[in-house]
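Dear colleague,

Please find below the structure I promised to pass on to you, and keep it open while you read the notes that follow.

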Amino acid sequence: MGEAAIPLLFLCWADYTSYVSDAQLRRILPQSSARLMTISQAQRYKNVGKTLRHLQVLFFMLEQYFERPALVRPDKILTGVDVMNVLHLKPGPQVGAILEAVAEAQVEGKISTRAEALDFIKTLPAAEK
């Protein structure tokens, strides 16, 4: 999700909190950092449980994003200029899609060096002319 990750997670949070009353939200909010409840546990409490589980998942995701940034958002190993030069592309959305694929491959542990990234982009369907 790139730079949109945090705003989207907050939007998701806002959406899910709309399923419960203000009083219910105040009661469950402190539990959002607690151990993640199971789906079956959440279902027992209907919308309140569903909302609490969702808040717990969001808390976990935000915690990972801020506490383990190297895993969630590794340093860029290629630039758009690199992509355009290697694949002979013009600036455009295709370059961004390729950079996003590189970042995803880094997070998944498929690539970790510039050389691996350069080889990787040559195999992408978006690289085909």
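Asp82 has a relative accessibility of 15%, and because buried means under 20%, this residue counts as buried in this predicted model. Asp82 nevertheless has a charged partner, for it forms a salt bridge with Arg114, in which the closest N and O atoms are 3.0 Å apart. Since Asp82 belongs to helix 6 (residues 80-87) and Arg114 to helix 8 (residues 114-121), the pair ties together parts that are 32 residues apart in sequence. Arg114 itself is partly exposed, with a relative accessible area of 42%.

How many salt bridges does the count come to? The count comes to two, and the other one joins Glu108 to Lys110, where the closest N and O atoms are again 3.0 Å apart. In this pair Glu108 is partly exposed at 45% relative accessibility, whereas Lys110, at 57%, counts as exposed.

The nonpolar residues come next. The largest nonpolar core has 16 residues, and the members that touch the most others are Val83, Leu89, Ile98, Val102, Ile111, Phe120 and Ile121. Helix 6, helix 7 (93-107) and helix 8 are the elements that give two or more residues to this core, so you may recall that helix 6 and helix 8 are also the two that hold Asp82 and Arg114. If you would like one residue to follow by eye, take Val102, which, leaving aside its neighbours within four places in sequence, is in contact with Ile77, Leu78, Ile111, Ala117, Phe120 and Ile121. There is also a second, separate core, made up of eight residues, among them Leu25, Ile28, Ala42 and Leu55.

Two further residues deserve a look, and I begin with His54, which lies in helix 4 (residues 46-67). Is His54 buried or exposed? With a relative accessibility of 17%, His54 counts as buried, and when residues up to four places away in sequence are not counted, His54 touches Cys12 and Tyr16. The other residue is Lys50, which lies over the face of Tyr19, at 5.5 Å from the ring centre.

Finally, the structure holds one aromatic pair, and should you wish to describe it yourself, a pair of aromatic rings is described by the distance of the centres and the angle of the planes.

With best wishes

Notes
Residues are numbered from 1 along each chain as its sequence is written. This is a predicted model: local features need pLDDT of at least 70, side-chain atom pairs count only at pLDDT 80 or more; totals for chains, interfaces and linings use all residues. Side-chain values use heavy atoms; hydrogens and water are left out. Rings of Phe, Tyr and Trp (its six-membered ring) pair if their centres lie within 6.5 Å; planes under 30 degrees apart count as stacked, over 60 as edge-to-face and the rest as tilted. A charge sits over a ring if NZ of Lys or CZ of Arg is within 6 Å of the ring centre and within 35 degrees of the ring normal. Helices (H or I, at least four residues) and strands (E, at least two) are DSSP runs, numbered from the N terminus. Buried means under 20% relative accessible area, exposed over 50%, partly exposed in between (1.4 Å probe, protein chains only). Contact means heavy atoms within 4.5 Å. A salt bridge is a side-chain nitrogen of Lys or Arg within 4 Å of a carboxyl oxygen of Asp or Glu. A nonpolar core is a set of buried Ala, Val, Leu, Ile, Met, Phe, Trp, Tyr and Cys residues joined through side-chain atoms within 4.5 Å.
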